[in-house]
Amino acid sequence: MKIKSGDEVIVIAGKDKGATGKVVKALPKEDRVVVEGVNLVKKHRKANPAGGQQGEVVTKEAPIHVSNVALVEDGKAARVGYRFEEDGTKVRVSRRTGKDI
């Protein structure tokens, strides 16, 4: 998966198309990412009188498929590629500008 935690991404498809945010969590086994402020869902929590907890409605971010997001570079979407340095290390590279990410 070419998107990692901490990357700034833009949503390119779906109900939140055009929204940008930081990747909070990457879920590579499921090919999904959690982006802050994107794909907000409401979750109803059941009350637990024995524990002293009231019922409530919580808004939280749900995972979005990684194919629906792209890395942001200068406010525009950029694809990600890889390049190997001379010492053998693998580096992520922007396909838009060719710069290291």
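Modeller: Let's start with a term: a nonpolar core is a set of buried Ala, Val, Leu, Ile, Met, Phe, Trp, Tyr and Cys residues joined through side-chain atoms within 4.5 Å. Buried means under 20% relative accessible area, exposed over 50%, and partly exposed in between, with a 1.4 Å probe and protein chains only. This is a predicted model, where local features need pLDDT of at least 70 and side-chain atom pairs count only at pLDDT 80 or more, while totals for chains, interfaces and linings use all residues. Residues are numbered from 1 along each chain as its sequence is written, and side-chain values use heavy atoms, with hydrogens and water left out.

Colleague: Fine, so what makes up the largest nonpolar core here?

Modeller: Twelve residues: Ile3, Val9, Val11, Val23, Val33, Val35, Val38, Ile64, Val66, Val69, Leu71 and Val80. At least two residues apiece come from strands E1 (8-11), E3 (32-35) and E7 (69-73). Strands (E, at least two residues) are DSSP runs, numbered from the N terminus.

Colleague: Why is Asp7 called buried or exposed?

Modeller: Asp7 has 10% relative accessibility, so it counts as buried. This residue sits in the segment before E1.

Colleague: And what makes the link between the side chains of Asp7 and Arg92 a polar contact?

Modeller: They come to 2.9 Å. The cut-off is a pair of N or O atoms within 3.5 Å; within protein, one must be able to donate a hydrogen and the other to accept it, and residues adjacent in sequence count only if both atoms are side-chain atoms. So the Asp7–Arg92 pair qualifies as a polar contact. The Asp7 side chain also reaches the backbone nitrogen of Lys4, at 2.9 Å.

Colleague: Why is Pro28 called buried or exposed?

Modeller: Its relative accessible area is 53%, so Pro28 is exposed. You'll find Pro28 in the loop between E2 and E3. Pro28 and Val66 are 38 residues apart in sequence, yet 8.9 Å apart in space, C-alpha to C-alpha.

Colleague: How do you know that E1 and E2 pair?

Modeller: Two strands pair if DSSP finds at least two bridges between them. Three bridges join E1 to E2 (residues 20-27), so the pair passes, and the two run antiparallel. One bridge partner is Gly21 in E2, for Val9.

Colleague: What makes E6 and E8 edge strands?

Modeller: The open sheet has six strands in the order E6-E3-E2-E1-E7-E8, paired antiparallel. Strand E6 (64-65) and strand E8 (76-78) each pair on one side only.

Notes: Helix = DSSP H or I, 4+ residues; strand = E, 2+ residues; numbered from the N terminus.
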